[in-house]
Amino acid sequence: MSSAMQHNKSLARFTVPGMGSDHCAGIVKTSLNRLGGIGEITTNIAAHRVEAHYDANVLTLAQLRGAIEKAGYDVASATNFGSGKKVQLIVPGMGSDHCAGIVRESLQRLQGIEDIETSIASHKVYVTVNDGGPDAEQLKQAVEKAGYDVVQLSAADNDESDQDIEIEQAYLTQAHKRLWIASVPTTLIMLLMVPHMFWQPIPGYLAIVAVLAFPVVFLFGGAATHNSTWRSLTNGTFNMDVLISLGSIPPYIIGLAGFFYSMTSFMEMAATIMTFHLLGRFLEAKAKGRASQAIRKLLTMGAKIARIERDGAELEIPVKELKPGDVMLIRPGDKVPTDGEVLDGESHLDESIATGESVPVYKAAGDNVIGATINKEGRLRVKVTKVGGDTFLSQVIKLVEQAQGSRVPIQEFADRMTGRFVPVVLFISLGSLIVWLLAADSLRPMLEWGAGFLPWVDPSASTTVLAILSAIAVLVIACPCALGLATPTALMVGSGIGAERGILIRSGEAIQTFKDIRVIVLDKTGTITRGEPKLTELTTADGVTEQQLLQWAATVENASEHPIARAIVEGARERNVTPGEVTEFRSTGARGVSGMVAGAFVLIGNRKLLDEEGVIGLQALDQELDELEGRGRTAVLVAVDGKACGVVAVADTIKMESVAAIRGMHELGLHVVMITGDNERAARAVANEVGIDEVQAGVLPAGKVDAVRELQKKYGNYVAMVGDGINDAPALKQANVGIAIGAGADVAIEAADVTLVRGELTGVVDAMHLSKATFNKIVQNLIWASAYNIAAIPIAAIGLLHPMIGVVAMTASSLSVIGNSLLLKQQFKRKIMS
C-alpha cells in the first residue's frame, strides 16, 4: 500500500440487499479489488453490508458504488466515513421515483456532493457531502427550489441502524411484489397447460402462453434478474442470476419457434423457472430475516424518548439528543434510555436483554444501569454516562455484527468451490447440450430406465428437446447459493443465540478453534472468586463471645479504609453488630490497627505485631490461626487490654457458580489450570475447594503470558484463557481463545475473542457448547450443499431431471441450509437444559 493510501484512507460502507451469500460477497469483492487504490474489504451477509477502505485521492464513493453495481448488485445505501458527512432530509411530497429523480437532480447541481440516496417509502433523502461542501440549510434550499417541502434535517449517522431495517424491509417487500406479479400469469399458464396437454387442445394456446409469459420472463418479474446478469457478464464476474437468465430467456425464445414449426413449447418452463427463482429469493430473504432476528431485536429494543431534569423542570427529549451528565428520570415500567449511574432511588431492573438473566437485578445509588433494560418498580434518578455508539447495547450490536461478518477457516473450502462455480456450470451445461445432440441414441436407454420411476422423463422426445431440457436443467439445478449460505447463516443464528444469553463471540475463527480446546486457564481473583474480601469465620478465646469479639473488631476497623477492614465492618453489620465509637485510633500500616473502645485498648493485627506488644494467650489461638491460613484465609488476631480474645478471618469468597462451572469443564474433557499472583497456600486452598487440576501461584501479571505460552508448548495450540482485569489482556491475546468476564475491564473485553456479559464462569461452558454446536451446523451445511451439487448436476446432465423440478430443488437446497441453521436454537436450548 502506498504512502498516499496510508495518509488518505477513507472508509465506505454500502448496503447491498441482493448480496445474500458468500458466493455473492466474493463477486462483490472481486469487482471492487479491480479498482486501483482499494484497501481491505469486509463483507457481512447478515447485514447485507460491504465496507471498503480506499484512497480518497484515487477513488470516489460513486466509483466504488459503480463497481458493485457492475457486478450485478443494487446498492441501497452508501456512506463515506472518511471525507464527508451524511445529512438526512425528510421530504413528504417525494412520493414516486419521478419525484425522487427531480430531488436528486436538484441536489446534484451543488458542488461537493459525494452521494445521494432516496427512499420513497420513508420519504427520506440521504446526502453525503464532502468537507467544504454545502451545509444542511443549503441542501434544504436546493430541494425546496425543486418544489418540495423539507420538514426535518438531521445528521444521518444516528439513524443507520433504523435505515438498515428499513432497507431490509423494503427489499423483502420488493421481492414479495415481484413474486406476486410473476405468479399470477404463471398460475394461469399452468391452469391452461394441463387441459391442453392431457384433454383438449386450446385454440390459440401458444399465443396466449407467449403473452402471459412475456412479462414474467422479461418485464416485472425477470427484468431485475436480467439486468443483474448483463452487468455481471460485462464485468466478467458470474453471479447466480446468470444461470437463471440462461435458464429462462433461451427457452422462451426457442418456444417462439412453435409459431413456425411443430415442436414442444418451452415458454411455460421459462415462466415457471423465473417464478420459482423469485419465490426462492423471497423465501430466502424471509428466512434470513428469521436467522438474523436477534440483532434486529437488539436494534429495536432501545427507548426512543427520555425524560430528563433541566433547569428545574421535567422535559421529554429524543434519546439521540441525550448528553453525558444529563439526569434522567426513570419511572416504574420505563425503559432505561441509555447507560448511566443511579443518583437516587432504588429498584429492580430486568436486564435480560443484556445478560440473558431473567431474574431482575437490584439497583441503588452508585450502581450502573444499561440502556434498554426495564425498570420494574421504583423511581430512579440516573446520570447519563454513555450515549450513541459508546453504550453497552451499541457495543453488543457491533460485536454481534463483527461475528456475523467474520470468516471461519473451514470456509476456505466453500470459497474454492464457489469461486469458479458458475463458469464450470456453464461449461457442463454446454457440454450436456452437445453430447445429447451428438449421442442421444446412446443415452436413451438411461432415460427408458428412469421413466420407470420418474414421471417427467420422456424417452420418446426428440433429440433437440432432450438436449435443451438437460442443458437448462443443469443451469437451474446448480446452486452456489447453498454453499455460500452454509457458514454465514450458522454464524448468524449462533451469534444471535449467544447475544440473547449474554455470550458475545467476536469471530468465526474462535468458534472453530473452541471445539479443539484441551486446556482452560482461569485467573483466580474476579473469575473464580468474587474479587472482594468477605468476613468468613470467627474464633474466640475462652470467656469471649463472638458478639463481643466482632463488636471490638468492627468498632476499630470502622476507622480504617483498608479492604480487610471494610470486609470486617460489612460482615459485622450483616450479623446485626453495629460498630461503636473509637478514640485514639492508630494504624501501623500493613501490620495492624489499634484504638480505645469503651475504655479498653483494642489491638488488631498479625502474630508478629501482637508478640511485640506483649499480648498474652496467643498460643491458645495458634492452631486455629494455622488452620484458617491453610485454607487460604487472611486471619487477624484481636487483643483487648493485652490479652488475646480471638481470630477474625477474611477471604475472597468463591463465586457460587464456580464449582458447577469447573465440573462442566471437566465433563467437556478440559484440563483446568488456575494462574494467580497469590501465594501457593491461598491458591491451593481455592483450587481444592472448586476442583482445579493444576495451580500456578505467585505469577506476576507479566508472567501470565509466559505461563500461557508454556502450556501451549506442552499441550499444543489448544489453550483458552479466562480473565477479567487489565493485567489479563496480554494473556487473553496470547491464548488461542481469550474469554473476558463482562463485568471486568474494557481493555480485557477488547482483547478477548469471547465476552461473557453476565460475568459468571458457567458462561464459559455455555459458550463452548454454543461454539461446538455452531461449528457442527457449519459442517452439516457445507456437507449438504456440496453433496447436493455433486449429485444434482450429473443427474440433470444425463436428462433425468426436468428443469422445473430442478429450480424447485435449487430453492429447496438454499432453504434447507437456512432451516438447518435455525434448528440450532432448539438444539442448543436442549443442550443447556440437559
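**Figure 1. How confident is this predicted model?**
pLDDT is the predictor's confidence in each residue, from 0 to 100. Keep that score in mind here, since what you are looking at is a predicted model. The chain averages a pLDDT of 80, and 85% of the residues score at least 70. The start of the chain is another story: over residues 1–7 the pLDDT stays under 50. For that stretch the model has 10 contacts beyond four places in sequence. Where pLDDT is low, the predicted coordinates should not be read in detail.

**Figure 2. Six strands lined up in an open sheet.**
Follow the strands across and you get the order S20-S25-S24-S23-S22-S21, with antiparallel pairing. Who stands at the edges? S20 and S21 (583–587) do. Each of these two has a single partner strand, so one side of each is left without a neighbour in the sheet. The sheet also twists, by an average of 20 degrees from one strand to the next. Helix H21 packs on this sheet and touches S20, S24 and S25 (643–654). The direction of H21 makes about 65 degrees with that of S20.

**Figure 3. A close look at strand S23 and its two partners.**
S23 covers residues 600–605 and pairs with S24 (residues 634–640) in the antiparallel sense, over four bridges. Two facing pairs to look for here are Val 602 opposite Val 640 and Gly 605 opposite Leu 637. With S22 (residues 592–597), S23 pairs in the antiparallel sense over six bridges. There, Gly 605 of S23 has Gly 592 standing opposite. How much of S23 is buried? Five of its six residues are, so the strand is largely enclosed by the rest of the structure.

**Figure 4. The turn that joins S22 to S23.**
S22 and S23 form a hairpin, with two residues between the strands. One residue to pick out in the turn is Ala 598, which has a positive phi of about 50 degrees.

**Figure 5. Glu 574 and Lys 534, a link between a helix and a strand.**
This is one of the 19 salt bridges counted in the model. The side chains of Glu 574 and Lys 534 meet at 3.2 Å, N to O. Glu 574 sits in helix H21 (residues 563–574) and Lys 534 in strand S20 (residues 529–540), so the pair ties together parts that are 40 residues apart in sequence. Are these two buried or exposed? Glu 574 is exposed, because its relative accessible area of 53% is over the 50% cut-off. Lys 534, at 30% relative accessibility, counts as partly exposed.

**Figure 6. Arg 607 with two acidic partners.**
Arg 607 forms a salt bridge with Asp 611, and the closest N and O atoms are 2.8 Å apart. Both residues lie in helix H22 (residues 607–612), four residues apart, which is about one turn of the helix. The other partner in this view is Asp 622, whose side chain meets that of Arg 607 in a salt bridge of 2.7 Å, N to O. Asp 622 belongs to helix H23 (residues 622–630) while Arg 607 belongs to H22, so this pair ties together parts that are 15 residues apart in sequence. Relative accessibility is 23% for Arg 607, which counts as partly exposed. Asp 611 is partly exposed at 44%, and so is Asp 622 at 24%.

**Figure 7. Arg 307, Glu 316 and Asp 334 in one network.**
Salt bridges that share partners join Arg 307, Glu 316 and Asp 334 into one network.

**Figure 8. Ser 771, tucked away in helix H29.**
Ser 771 is found in helix H29, which runs over residues 762–797. Buried or exposed? It is buried, because its relative accessible area is 0%, and anything under 20% counts as buried. Leaving aside neighbours within four places in sequence, Ser 771 is in contact with Ile 505, Ile 511 and Phe 514. Along the chain, Ser 771 and Ile 505 are 266 residues apart, yet their C-alpha atoms are separated by 8.5 Å.

**Figure 9. Helix H29 from end to end.**
What span should the 36 residues of H29 have at 1.5 Å a residue? The expected figure is 52 Å, and the end C-alpha atoms are 53 Å apart, which agrees. Just after H29 comes Gly 799, with a positive phi of about 90 degrees.

Note on methods:
Residues are numbered from 1 along each chain as its sequence is written. Side-chain values use heavy atoms; hydrogens and water are left out. Buried means under 20% relative accessible area, exposed over 50%, partly exposed in between (1.4 Å probe, protein chains only). Contact means heavy atoms within 4.5 Å. A salt bridge is a side-chain nitrogen of Lys or Arg within 4 Å of a carboxyl oxygen of Asp or Glu. Two strands pair if DSSP finds at least two bridges between them. Axes are lines fitted to C-alpha atoms, for helices over the stretch in contact, and angles run from 0 to 180 degrees between N-to-C directions. The expected span of a helix is 1.5 Å times one less than its number of residues.
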